[in-house]
Amino acid sequence: MTEYTAEGGHGAVPTEGVPTGSGTTKGSWPLYEVFVRGKRGLNHVHVGSIHAADAEMALHNARDLYTRRNEGVSIWVVLASDITASSPAEKDPFFAPAGDKVYRHPTFYAIPEEVPHL
Amino acid sequence: MRTTQEDHDATNAYQSLADTVGHDDPRWAFGTGVEDVQAEITSPVPDGVDAADLARYCLMLGDDALICAQRLAEWVSNAPELEEEVALANTALDLLGQARVLLARAGHVEGSGTGTARDEDALAYLRAEPEFRNVALAELPDSLDFGRAIARLLVFSTWRLALLHRLLASRDPVLAAVAGKGVKELAYHRDYAARWTLRLGDGTPESHRRMQAAVDAVWPYVEELFRTSDVERRLVGAGVAVDPADVRAEVDGVLDEVLSRATLTRPTVPPAGTVGGRGGRQGAHTEHLGHVLAELQSLARQHPGASW
Amino acid sequence: MTATLDEQELQGRFEDVIAADQRIEPRDWMPEAYRRTLVRQIAQHAHSEIIGMQPEGNWILRAPSLRRKAILLAKVQDEAGHGMYLYAAAETLGVDRAELTDKLVTGKQKYSSIFNYPALSYADVGVIGWLVDGAAICNQVPLCRCSYGPYARAMIRICKEESFHQRQGYELLLAMVNGTDAQREMVQESTNRFWWPSLMMFGPPDADSPNTSQSMAWGIKRHTNDELRQRFVDMTVPQAEALGITLPDPGLAWNEERGHYDFSEPDWTELQAVISGSGPCNAQRIAHRKRAHDEGEWVREAAAAYARKQESRR
């Protein structure tokens with residue numbers, strides 16, 4: 001009997017004999033990462049990715065997918081393969097120096113509760 | 001510190017389950033702005049404007065949008081890529097939104113003298129073919145050929161954008177409001193269609209061949225877009241409508257530019273003929289419209305008087 | 001920078017992150033079995049969204065009012081969007097969307113069996129929203145806390161939108177039960193058809209679900225199948241009452257002692273049959289998806305060729 005489960009979120013699916021390999025299929029469009037500025041005054045935030053043949057198409061596709069409920073005022077797209085990333089697996093040397101500077105964080109400062117607007 | 005953003009959102013999703021009879025967010029289905037337009041549907045007919053003419057004109061523009069939206073909706077689950085599913089549905093939703101306002105306005109204006117106003121659904125679902133006033137271009141089948149969809153959308157959106165630009169100054173407040181929202185939408189549709197025309201026309205030899213064939217197939221129906229009906233002629237004089245003949249140069253210019261950049265040839269095929277001088281604006285359609293309406297209206301007609 | 005960490009140390013770090021209920025991110029080291037489980041799960045979830053467009057899409061052209069047409073079109077469009085969010089999450093694990101689509105259309109990867117049932121009346125649009133999306137939300141809300149960051153984030157976005165889906169379904173049903181006799185009958189008939197398949201969406205009973213424990217240990221899964229099924233039944237019964245319709249289970253009754261509804265056992269042989277390809281629409285759904293994908297190839301290639309030309313002209 002094939003094993004099956006609902007862990008895929010949408011409903012029962014089998015868990016056996018399901019290939020998950022990797023390789024690439026030719027002719028598909030490259031992946032772009034999408035950043036959206038939700039409203040003026042905010043940073044662009046990474047919201048996901050999109051496939052497109054070129055950057056211009058990526059912008060349009062991102063607009064259609066990620067801002068169809070009017071969530072954005074500005075979009076950036078960048079080819080996923082152009083991103084240079086630090087590796088979280090090498091986290092310590094990169095990020096440890098900042099980790100002990102607790103005074104950079106607002107919660108470091110105890111403020112009496114009766115002081116407003118802080 | 002256990003309360004993360006995810007927990008918070010997960011909680012919200014659960015809450016919304018319990019709260020079943022919800023307010024519906026109009027933006028979800030209609031985009032923003034449609035509510036504002038709807039408030040004006042009952043505006044009085046401008047002075048000196050014939051109500052029957054205005055109703056007929058709203059039907060023309062409304063039916064163009066409705067039938068074109070229906071054709072675009074055929075692409076759902078059939079698009080060449082998932083990104084295009086989303087884009088084509090967006091376009092269909094925009095046009096459907098325009099159609100709803102225009103049909104509602106037509107129904108209101110038409111009934112304003114007699115007290116027998118029809119609503120948008122009565123007009124969409126209970127009229128027969130000859131009562132529809134859309135141009136033939138809107139009803140042509142794509143037969144799931146993406147090139148055909150793009151060719152029609154390119155011509156349709158270029159033409160409709162030119163019309164709506166001029167309707168911004170219409171004396172009818174609803175037409176002006178639809179134009180106000182519509183020009184932004186149509187500019188996007190035209191841009192989308194133009195970009196795809198370039199990609200297909202100047203893509204592979206196969207796509208070039210197919211895109212040229214698609215342009216050739218829709219071209220006979222371009223001529224009708226610039227033919228001025230009597231209704232339009234009278235309403236132009238009243239400052240309500242646009243004379244479609246006036247947008248010809250602009251539309252031609254845009255299409256020439258796009259086609260040539262796409263390495264496509266502007267077709268020289270003769271225009272489709274009329275039926276004794278009558279075309280879509282007079283209720284004389286292609287054979288395709290009957291099938292479009294048979295599908296669109298079937299369920300609504302099976303349940304007369306039902307509300308959904 | 002750092003010396004290469006050995007496998008054991010990496011495994012230890014991975015487990016620490018899971019134990020602290022933090023998220024694993026794409027560039028983190030992860031056990032191969034964890035990656036494979038996620039790829040399989042996310043891909044099948046994405047496929048379900050895309051295949052799920054078909055039964056409801058079947059009614060867009062015939063929607064009985066323009067408002068319903070707009071709502072249904074927007075809903076089915078959302079499903080395409082959800083599929084895209086999920087494929088993107090799967091791609092962070094080193095697979096390619098085109099490859100996953102290939103596996104779907106060649107039958108190597110599956111999708112939720114619920115979409116192998118046909119949508120036969122407009123009430124199905126409402127019932128799919130109410131029961132099917134309702135069951136999906138029960139399955140999905142816990143995934144917002146899934147240990148894999150990109151999947152969890154995609155799910156947060158999806159769950160927010162799904163709640164609209166369920167509401168539109170229920171609102172349609174409310175309108176229909178308050179309408180004509182024929183409309184009320186349509187709602188009851190549709191509910192009768194979709195009730196049992198909806199319960200099966202939670203998968204087999206816990207006793208027959210051997211993978212659950214590993215997925216729970218990894219923080220990929222948060223509740224067992226039976227827990228979620230019970231939650232769904234408890235939520236749905238009062239909603240059915242509010243509609244004035246019955247659920248097709250004579251064994252359905254409130255159990256004061258347990259504080260839950262008792263309900264009968266679904267027909268697991270039917271689920272097994274549908275999953276293994278003998279449902280009413282299995283072949284049709286795959287053939288449809290395959291045709292759309294195949295017929296789109298010339299378009300995708302044209303766009304890629306055009307982009308290359310533009311690049312070289314620069």
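**Chain contacts and salt bridges in the predicted model**

The contact between chain C and chain B takes 74 residues from chain C and 67 residues from chain B. This is a predicted model, so everything below is read off computed coordinates. Put together, chain C and chain B bury about 6200 Å² between them, and carbon and sulfur atoms account for 66% of that area. On the polar side of the ledger, four salt bridges are counted between chain C and chain B. One salt bridge pairs C:R97 with B:E81, with the closest N and O atoms 3.0 Å apart. There are also 18 residue pairs in polar contact across the interface of chain C and chain B, both residues of each pair being at pLDDT 80 or more.

Helices do plenty of the work in presenting the chain C side. At least two residues each come from α3 (53-57), α4, α6, α7, α8 (181-200), α10 (225-243), α12 (282-295) and α13 (297-313) of chain C. The top contributor to the side of chain C that touches chain B is α4(C), which gives 16 residues. Sorted by class, that side of chain C has 39 nonpolar, 14 polar and 21 charged residues.

Next comes the contact between chain B and chain A. Here 14 residues come from chain B and 14 residues from chain A. The two chains bury about 1300 Å² between them, with 49% of it on carbon and sulfur atoms. On the chain B side, the residues that lose the most area to chain A are B:E83, B:Y188 and B:R195, which together make up 39% of what that side buries. B:R195 turns up again in a salt bridge, its side chain meeting that of A:E56 at 3.0 Å, N to O. The rule finds one salt bridge across the interface of chain B and chain A, along with seven residue pairs in polar contact, both residues at pLDDT 80 or more. Three helices of chain B, namely α2 (26-30), α5 (82-111) and α9 (173-201), each supply at least two residues of the side that touches chain A. By class, the residues on that side of chain B split into five nonpolar, two polar and seven charged.

Salt bridges are not confined to the interfaces: over all chains, the structure holds 41 salt bridges. Within chain B, the side chains of B:R105 and B:D172 meet in a salt bridge at 2.5 Å, N to O. This pair ties together distant parts of the chain, with B:R105 in helix α5 and B:D172 in the loop between α8 (146-167) and α9, 67 residues apart. Are these two partners buried or exposed? B:R105 counts as buried because its relative accessible area is 0%, under the 20% cut-off. B:D172 likewise counts as buried, with 0% relative accessibility.

Chain C has a long-distance pair of its own. C:R67 forms a salt bridge with C:E171, and the closest N and O atoms are 2.9 Å apart. Again distant parts of the chain are linked: C:R67 belongs to helix α4 (residues 66-91) and C:E171 to helix α7 (residues 149-177), 104 residues apart. C:R67 is partly exposed, with a relative accessible area of 24%, and C:E171 is partly exposed too, at 27% relative accessibility. Both values fall between the 20% and 50% cut-offs, so neither residue counts as buried.

Another chain C salt bridge brings the side chains of C:R258 and C:D262 together at 2.7 Å, N to O. Both partners are partly exposed, C:R258 having a relative accessible area of 40% and C:D262 one of 29%. Over in chain B, salt bridges that share partners join B:E223, B:R248, B:D252, B:D256 and B:R266 into one network.

Finally, there is a side chain to backbone pairing in chain C. C:N139 sits in helix α6 (residues 122-140) of chain C. With a relative accessible area of 5%, C:N139 counts as buried, because that value is under 20%. What does the side chain of C:N139 have 3.3 Å from one of its polar atoms? That partner is the backbone oxygen of C:M201.

Methods. Residues are numbered from 1 along each chain as its sequence is written. Chains are lettered from A and ligands numbered from 1 in the order in which they are written. This is a predicted model: local features need pLDDT of at least 70, side-chain atom pairs count only at pLDDT 80 or more; totals for chains, interfaces and linings use all residues. Side-chain values use heavy atoms; hydrogens and water are left out. Contact means heavy atoms within 4.5 Å. Buried area is the accessible area (1.4 Å probe) that two parts lose on being put together, summed over both. A polar contact is a pair of N or O atoms within 3.5 Å; within protein, one must be able to donate a hydrogen and the other to accept it, and residues adjacent in sequence count only if both atoms are side-chain atoms. Helices (H or I, at least four residues) and strands (E, at least two) are DSSP runs, numbered from the N terminus. Ala, Val, Leu, Ile, Met, Phe, Trp, Tyr, Cys and Pro count as nonpolar, Asp, Glu, Lys and Arg as charged, and the others, Gly among them, as polar. Buried means under 20% relative accessible area, exposed over 50%, partly exposed in between (1.4 Å probe, protein chains only).
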